[in-house]
Amino acid sequence: MRVATFSAKPYDEQSLRAANDEAGHEMVFLESRLSAKTAALAAGCEAVCAFVNDDLGAETLTALTGHGVRLIALRSAGFNHVDLVTAARLGLTVARVPGYSPHAVAEHCAGLILTLNRKIHRAFNRVRENNFSLTGLLGFDLYGKTVGVIGTGKIGVCFVRIMAGFGCRVLATDPYPSEEARRAGAEYVPLDTLLAESHIVTLHCPLGPDTHHLIDRERIARMRDGVMLVNTSRGALVDTAAVIQGLKSGKIGYLGLDVYEEEADLFFEDLSDQLPRDEVFSRLLTFPNVLITGHQAFFTAEALHNIATTTISNITAFERDGTPLHEVIAEPVS
Ligand code: NAI
């Protein structure tokens with residue numbers, strides 16, 4: 001099958017080529033991000049392989065269908081960026097890669113927490129300048145602290161296990177509580193209790209209409225003073241303007257982000273030669289207690305390998321019998 005792979009970086013190309021060795025699909029690698037304007041690059045391809053910041057809205061999907069595309073093979077677990085209703089109407093099949101490495105994201109989240117708490121990023125810079133002063137680097141013991149986990153799916157459970165290992169009390173909330181999370185040490189409580197009691201609040205739920213701006217002004221107000229807020233899931237789970245207010249007032253003592261509401265125009269590119277394009281993002285960077293990584297929580301060798309092999313398996317299964325291994329189905333509109 002001929003596959004147009006959008007937003008392809010050298011590491012994507014390498015892992016997909018290796019995974020495709022036996023399957024033998026004709027992979028076309030494109031640096032461009034997918035949008036209605038670039039959809040024509042997929043002309044002659046039956047499948048499109050897309051990543052998290054590609055535009056898979058109605059206009060793009062309609063254009064892709066016009067060019068003969070029948071399968072959208074996502075290289076991600078999340079599918080909030082796909083207009084599934086339009087895809088179903090157009091007869092487009094959508095596939096994803098669920099749980100390619102929950103450990104990668106959970107471990108990165110733990111890394112953000114440790115770095116923010118112990119200010120390792122600041123210590124790294126100081127020591128390189130022969131500045132061995134400890135002033136300003138004071139942290140706190142994670143042992144005995146309360147950590148609130150919003151969403152205990154594959155990543156959330158891994159994260160619960162890590163924090164339980166530090167000796168933390170782990171509170172969790174999820175509409176579908178999991179026995180695995182309980183066994184790992186999580187205690188399920190209502191969201192309001194979690195917000196009121198946690199020293200660290202971390203998001204591991206998907207973005208959807210119900211969770212858009214889940215963390216807003218009111219919910220921030222219910223948190224502990226000086227709380228650490230971490231988001232490695234999707235940017236729009238958090239109302240960034242409300243978070244900036246929380247940082248200014250001191251309500252939020254630490255902020256760790258791997259995702260950002262408006263990341264599509266920023267992340268995955270080297271913009272170091274350009275003027276800042278997003279004033280809200282620039283404002284976030286002015287706070288010494290904010291640590292941001294550019295959607296790299298998934299980025300481990302194991303995850304890339306699993307993403308590539310599952311993506312190729314999805315394409316092969318679709319070519320063979322019209323159904324990918326991991327199909328995403330639009331929820332019926334009630
Ligand atoms: P999952 O589907 O295994 O788990 C998500 C959990 O969230 C489910 O248990 C679900 O019931 C729960 N949930 C749904 N709505 C909720 C709500 N309102 N409150 C609390 N819990 C709720 O997904 P997985 O694999 O654990 O991934 C979680 C999210 O992590 C993905 O949706 C994606 O957005 C993000 N992600 C980020 C990556 C990164 O590189 N930063 C990489 C991979 C995923």
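Trainee: How many residues surround the ligand, and which are the closest?

Mentor: The ligand is surrounded by 23 residues, with K154, I155, D174, T232 and D258 the closest, where a residue is near if one of its heavy atoms lies within 4 Å of the molecule. This is a predicted model, in which local features need pLDDT of at least 70 and side-chain atom pairs pLDDT 80 or more, whereas totals for chains, interfaces and linings use all residues. Residues are numbered from 1 along each chain as its sequence is written, and side-chain values use heavy atoms, with hydrogens and water left out.

Trainee: What makes the pairing of D174 with the ligand a polar contact?

Mentor: A polar contact is a pair of N or O atoms within 3.5 Å (within protein, one must be able to donate a hydrogen and the other to accept it, and residues adjacent in sequence count only if both atoms are side-chain atoms). An N or O atom in the D174 side chain is 2.7 Å from a ligand oxygen, so the pair meets that limit. For R234, a polar side-chain atom lies 3.4 Å from an oxygen of the ligand.

Trainee: How much of the ligand's accessible area does the protein cover?

Mentor: Of the 870 Å² that the ligand has on its own, the protein covers 83%, with areas from the Shrake-Rupley method and a 1.4 Å probe, only the protein chains shown counting as cover for residues.

Trainee: How is the protein chain divided into domains?

Mentor: Domain 1 takes 2–100 + 301–328 and domain 2 takes 102–292, bounds that come from an automatic or database domain assignment. Their centres, taken over C-alpha atoms, are separated by 30 Å.

Trainee: Why is the pair E269 and K9 called a salt bridge?

Mentor: The term requires a side-chain nitrogen of Lys or Arg within 4 Å of a carboxyl oxygen of Asp or Glu. The closest N and O atoms of E269 and K9 are 3.0 Å apart, so the pair qualifies. The count between domain 1 and domain 2 is 2 salt bridges.
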